[in-house]
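Here are a few notes to read alongside the model. Keep the structure open and follow the points in order.

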Amino acid sequence: MTCSVAFVGAGPTTIYTLHSLLTERPAPFELTLFEKQPSIGRGTPYRPGWNDPAMLSNIASIEIPPLAETMVEWLHGQSDERLAQLHIGREDINDRTFYPRLVLGEYFADQMQVLLEEAARQGIVVTVRTRCEVTDAVSSPEGMILHVLPQKGEAFEARFDHVVLATGHQWPEHPEVSPGYFASPWPASEIEKIAATRVGIRGSSLTAIDAAVALAVAHGDFVETEDGDLAYMAGPDTGSFQMTMLSRKGLLPEADFYFPIPYEPLAVCTSEAIERLIASQDPSLLDSTFELFKRELAEADPAYAKQTGLASLSIEDFCEGYFSQRLGSDPFVWARDNLAEAQRNYEKGHVVAWRYAILRMHEVIESIVPHLSDEEFGRFSRYLKTVFVDDYATVPHESIQRMLALHRAGKLEVIAVGEDYTVDTHSPQDGAILKQGASETHFPVFIEATGQRALAAKDFPFPSLRDQGIVRDVSTAGENAPARGIAIDDQFHLVSAEVPIDQLFCLSLPFIMGRHPFVQGITSSHELGRIVAHELAAAIDRHSAPNDTAGELTAR
């Protein structure tokens, strides 16, 4: 029988997995895509309604792994009419530009159609089921049984030899879970309905910036000034509109910095060096890795290493020093100066060596995470991870300009709340109350905007896989041990004797973040998809081989 494969979810992760799978050219198989939304390809971060047209992606065109064509090639291929609909001037198309999220959605939707046409040319029978929610999955000796609920029609079951779960971010469809309290800033169409009032936003990264932008354009406009800067013009009757971002450190993210793409190779903290440390079962794996980190940083930027006293610093000391100057400055003053520096560096093509070195190391060092003890994982998350995230989670220059414009207009502030604070969402008043010691601040509207958090097995959307013992949390040393995500291996199989190898792959972002703490957006979709596609192609070929050969291959 022909091998059958299903993807649950049809966003960028599925696109990149399918692209790699077609590149491997396995034997012909039957492919089914299940998507809850009316169309395929866009995914949650890039679809209309969920995102406001003003929301920018935080990945430049040059960083988007190409599919049938690059983002810039696709844009150049669009008609003037479509570019106008996307609010893009042909003369402004550039591989270093940050485009609105909705533009990326259009690119991915078109690329998905090209991939499906290529699949048909390879003899793959493709079925696309939109407006169909997969509500459960059950492993059986005959294959994976999916329970499917269409928006119209009767629920049904379907069997597949291999299933890839690529369900993406997990947010509530209706974010206002109690009056004035929003569990997420999406969909933006709901945020834009908020009245002009005092709004608290937990977080200050791009997710929080998205929330602030959605609110700002609902109650006013960003306008370009004569000197090319941005100003915010509040609409009528919006005098009470004011936003406060609550940040542990009281910082805004820094502006995107210039660096060469593709990455230049590392000299010291290489994948091979990290693999040797892991293989040695070094009991001080984190500290030994940090020594490689310091040596790489010193070689890349000797002046920075000397200025910071890098050679003698512990992980804790380095983290404290990394943020110390910013913590001593007003966040908007720092943002203004950092933006000016980033703009100058872009104009000159100048690379800040220490920033670039940290950026290149984060994905290499991530591989130690599954091998850390709970205590060391806690240290890694509290210190080194925060440095890496700050370095790679920079934002488009226009995003910083918008935050500065809102602040100048008296519509935005950022406050440091530290670790010792609470947000009370159960008071009789709408919204939430920020409590810091004896101080209380009421926000009639409060939005959670700290981004996607790692989720545990109890949150997994397919209950039968939990009941079968296939989806389970990584074992930890005690009740108070840090959450480590669900148990998966390096090929994204669920680690369980209860499911045949290669029957089920999990690429659902919130559930793999414990093992892959830096999994982020499109570049991760590409890398993870490549790994799963290689495994899937081999499984399809085994299934399609003659019985005696298939048995021989499986035994290996």
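1. Strand E1 runs parallel to strand E7 (residues 162-165), and 4 bridges join the two. If you want a spot to check by eye, go to Phe 7: its bridge partner in E7 is Val 164. Do bear in mind that this is a predicted model.

2. E1 has another neighbour, strand E2. Those two also pair in the parallel sense, this time over 5 bridges. Here the residue to look for is Ala 6, whose bridge partner in E2 is Thr 32. To get from E1 to E2, the chain passes through helix H1, and the β-α-β crossover it makes is right-handed.

3. Is E1 mostly covered or mostly open? Mostly covered: 5 of its 5 residues are buried. That goes for both faces, with Ser 4, Ala 6 and Val 8 on one side, and Val 5 and Phe 7 on the other. So that the cut-off is clear, buried here means under 20% relative accessible area.

4. Now for the helix in that crossover. H1 takes in residues 12-24, which makes 13 residues. From its first C-alpha to its last it reaches 18 Å, close to the 18 Å expected at 1.5 Å a residue. Just after H1 there's a small detail worth a glance: Arg 25 takes a positive phi of about 50°.

5. How many of the 13 residues of H1 are buried? The count is 10, and the helix is mostly covered. Among them are Pro 12, Ile 15, Tyr 16, Leu 18, Leu 21 and Leu 22, and the polar-looking names Thr 13, Thr 14, Thr 17 and Ser 20 are buried as well.

6. What do those buried residues of H1 pack against? Two of the partners are strands, E1 (4-8) and E2 (30-35). The others are helices, H4 (101-121) and H17 (521-544). E1 and E2 are also the strands that the chain links through H1.

7. Last, a look at the second largest pocket, which holds about 890 Å³ of space. Its lining comes from 25 residues, and Leu 56, Thr 97, Phe 98, Tyr 99 and Glu 398 lie nearest its centre. The elements giving two or more residues to that lining are H4, helix H11 (331-348) and helix H14 (397-408). H14 gives the most, with 4 residues. H4 is a name you've met already, as one of the elements that the buried residues of H1 pack against.

Technical notes. Residues numbered from 1 in each chain as written. Predicted model: local features only at pLDDT ≥ 70, side-chain atom pairs only at ≥ 80, totals over all residues. Heavy atoms only, no water. Expected span 1.5 Å × (residues − 1). Buried < 20%, exposed > 50% of the residue type's maximum accessible area, 1.4 Å probe, protein only. Contact = heavy atoms within 4.5 Å. Pairing = 2+ DSSP bridges. Right-handed = clockwise from strand over helix to strand, strands pointing away. 1 Å grid on protein atoms, 1.4 Å probe; cavity = no way out; pocket = protein on both sides within 12 Å on 5 of 7 lines; lining within 4 Å. Points joined across faces, edges and corners; volume = space filled by probe spheres on them.
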